[in-house]
Amino acid sequence: IESILAGITLAMAMIPEEFPGILTVFLSMGAWRLAKKQSLVRKLPSVETLGAVSVLCVDKTGTITMNQMKVQDTWNPDGDDKKLNKVMGMACKADAYDPMEKAMIVFCEEQGISREELFGSELVKEYPFTNETKMMGNVWAHDGKNLVTAKGSPERILQLCELTRMEMAHIENKINSMAERGLRVIAVGEMVLSNIDDVPENLVDCKLKFCGVVGLADPPRDSVKQNVETCSKAGVRVVMITGDNGITAGAIARQIGMAADDKIITGDEIDKMSQEELMGKIKNVSIFSRVVPEHKMRIVQAFKANGEIVAMTGDGVNDAPALKYADIGIAMGKRGSEVAREAADLILLDDNFSTIVDTIKDGRRIYDNIKRAFGYVIVIHIPIAFAALLAPLLGINPASLFLLPVHVVLLELVIDPTCSIVLERQPAEMDVMERSPRKTDEKIIDISGLTKNIFQGFAIFGAAFGTYLTFLEQSPDNAALARTMGLTIIFIANMLLVHVNSSESEFAVQSILRLRGDKVIAAVNIGVIVSLIIMLYTPIAEGLKLAPLNWQQIVLAVGVACASVLWYEFVKLARFFRSKAQL
């Protein structure tokens, strides 16, 4: 019976059964916390992957900017502003949902052009917007004639207009002037046909008369500049992908402090590049303009081929392949399509760039806490396992063994909530967003971390088992007292270990101060102390084969436990002074 009990004790002490629970609890709780911050996690492993993101590809409109379009400026070569505004409005959908079209219609109404005047005529034909044409239009039966109204990217609209070289140069100067102010520039054109049979099948077959250009403002979100700076410090490269022209994208990039804001690759240039050429170009380029969803897939592939961990945002049906292929696919919750959301790993409920940055920070925190929890389990299992193994080997009377199965169970009841609740709630370190992204091949338990854990584990083992042996030698007939001293040291060391290992740079005092207002952690700590009191000072003690301690013994146990754990604070202190000396 004694051999069986010793074997059960050793088996329970040796098996780190907490590991699967740690992964499940930490990732699930991480996903829950992210959901409270407007990030809905669809695939649990992505919570951990977030901390390794090195390239963040984002849309300009709605993610970096506020997606609140407003017509800021207009220009037309004839000086007829009303005609330009009316053609612009008639080129929109009557039931517009796009923020840009809504802004145009509102501007027309502000200029005295009613919706009835814009959409009261008979709609003969629609030319829908496509990523290939980058323009759209309507054909109206208006005043006995058929009026084709079109708007779109200046490059495409101007191709359909008959203009002299001088006119083209003048128009391009106006377009560039608006774009340099960060405005989205839309060109407007019209064509009048007397016969409905002459209406072209496609918009690209029309011969338009150039009416003018419209500049729409969509200012960056207030927090984006700070977020881009945070990403830069964290080693996360922000890449802007937009359907706008490069000059507008570059102007917005300058406003938010993006690096390499003067280096731009267009969608047409991507079409002409091989994948190897694109891989080389993107190393120094962070702005991609006039791209279509198909280009996103190639951009993601190129970054991944360069060894980057890529997070990609998208909202359209055609964005699904890029979202699927990216390491982290991020779909827009407000304006995103159902297909995009299904393909994504993460859904932004508020379509906000700040939420992405916060999510990356939380991903790093979660990964750090998983590492700490794994290390904690290794540390705390060493004194339990070696105490269970060494006592029988030393020939100690089975009735006087340090640990019996019931004591291992009690310790497991302390370990599980400590690593699952306390460590999961540890806040991010102060410098978590000032470190480079972790490498993808980084192990959760590396050699340096394992070495530290082994030293810490044996320090606690030496303190607890040494105290147990000392008291057992002094009072061979009072094994309960010796066992109680050893267990008390392990319990108290367990509570201190969480704060000591909460950071490799910050001290335990800082961790305790940060968590002083956390009611859950306070409840866990109080619960451990109350449990210890109940085990020692109630009739339960006799059944557990423990003995009550006097105040001198309690002070001794606390002092030994502190010494067994807090020595690592001096290691941190030495590192601090060494880093100061290097600076």
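This is a short viewer tour of one predicted protein model, from the whole chain down to single residues.

**Before you click**

The model is predicted, and local features need pLDDT of at least 70, side-chain atom pairs count only at pLDDT 80 or more, while totals for chains, interfaces and linings use all residues. Residues are numbered from 1 along each chain as its sequence is written, and side-chain values use heavy atoms, with hydrogens and water left out.

**Stop 1: the whole chain**

Show the protein chain as a cartoon. You'll see 24 helices and 14 strands; helices (H or I, at least four residues) and strands (E, at least two) are DSSP runs, numbered from the N terminus. Turn the view around: along its principal axes, the C-alpha trace spans about 115 × 50 × 35 Å. The radius of gyration is 34 Å, whereas a compact globule of 583 residues would come in near 25 Å. That radius is taken over C-alpha atoms, and the globule rule is 2.2 Å times the number of residues to the power 0.38.

Now switch on the surface. The accessible surface comes to about 26200 Å², and carbon and sulfur atoms own 58% of that; accessible areas come from the Shrake-Rupley method with a 1.4 Å probe, and for residues only the protein chains shown count as cover. Buried residues make up 52% of the 583 residues. Here buried means under 20% relative accessible area, exposed means over 50%, and partly exposed is in between (1.4 Å probe, protein chains only).

How about contacts along the chain? Of those between residues at least 6 apart in sequence, 73% join residues at least 24 apart. Contact means heavy atoms within 4.5 Å.

**Stop 2: the cores**

Select F353, Y376 and F402. Within the largest nonpolar core, a set of 102 residues, these have the most contacts. A nonpolar core is a set of buried Ala, Val, Leu, Ile, Met, Phe, Trp, Tyr and Cys residues joined through side-chain atoms within 4.5 Å. Next, colour helix α17 (residues 353-393), which gives this core its largest share, 15 residues.

Zoom in on F402. Leaving aside neighbours within four places in sequence, F402 is in contact with residues including A387, A391, H407, F465, Y468 and L487. Then pick F288, A302, V310 and I347, which are among the 27 residues of a second, separate core.

**Stop 3: G363, inside helix α17**

Stay with helix α17 and select G363, which is found there. Is G363 buried or exposed? With 0% relative accessibility, G363 counts as buried. Apart from neighbours within four places in sequence, G363 is in contact with V47, L50 and G51. Add I533 and draw a distance: the C-alpha atoms of G363 and I533 are 38 Å apart, with their positions 170 residues apart along the chain.

**Stop 4: two loops with a positive phi**

Go to N67, in the loop between α4 (60-64) and β3 (70-75). N67 has a positive phi of about 60° although it is not a glycine. Its relative accessibility is 24%, so N67 counts as partly exposed.

Jump to K545, in the loop between α23 (540-543) and α24 (551-582). K545 is not a glycine, yet has a positive phi of about 60°. At 44% relative accessibility, K545 counts as partly exposed.

**Stop 5: out on the surface**

Select E110, which lies in helix α6 (residues 99-110). E110 is exposed, with a relative accessible area of 56%. Draw a line to I282: the two C-alpha atoms are separated by 44 Å, and the residues are 172 apart along the chain.

Head next to K283, in the loop between α13 (275-281) and β11 (287-289). K283 has 54% relative accessibility and counts as exposed. Which residues is K283 in contact with, leaving aside its neighbours within four places in sequence? R237 and N306. For a longer look across the model, add G375: K283 and G375 are 37 Å apart in space, C-alpha to C-alpha, and 92 residues apart in sequence.

Finish at D197, in the loop between β7 (184-193) and β8 (209-217). At 65% relative accessibility, D197 counts as exposed. Show N146 too: 51 residues separate the pair along the chain, and their C-alpha atoms are 9.9 Å apart.
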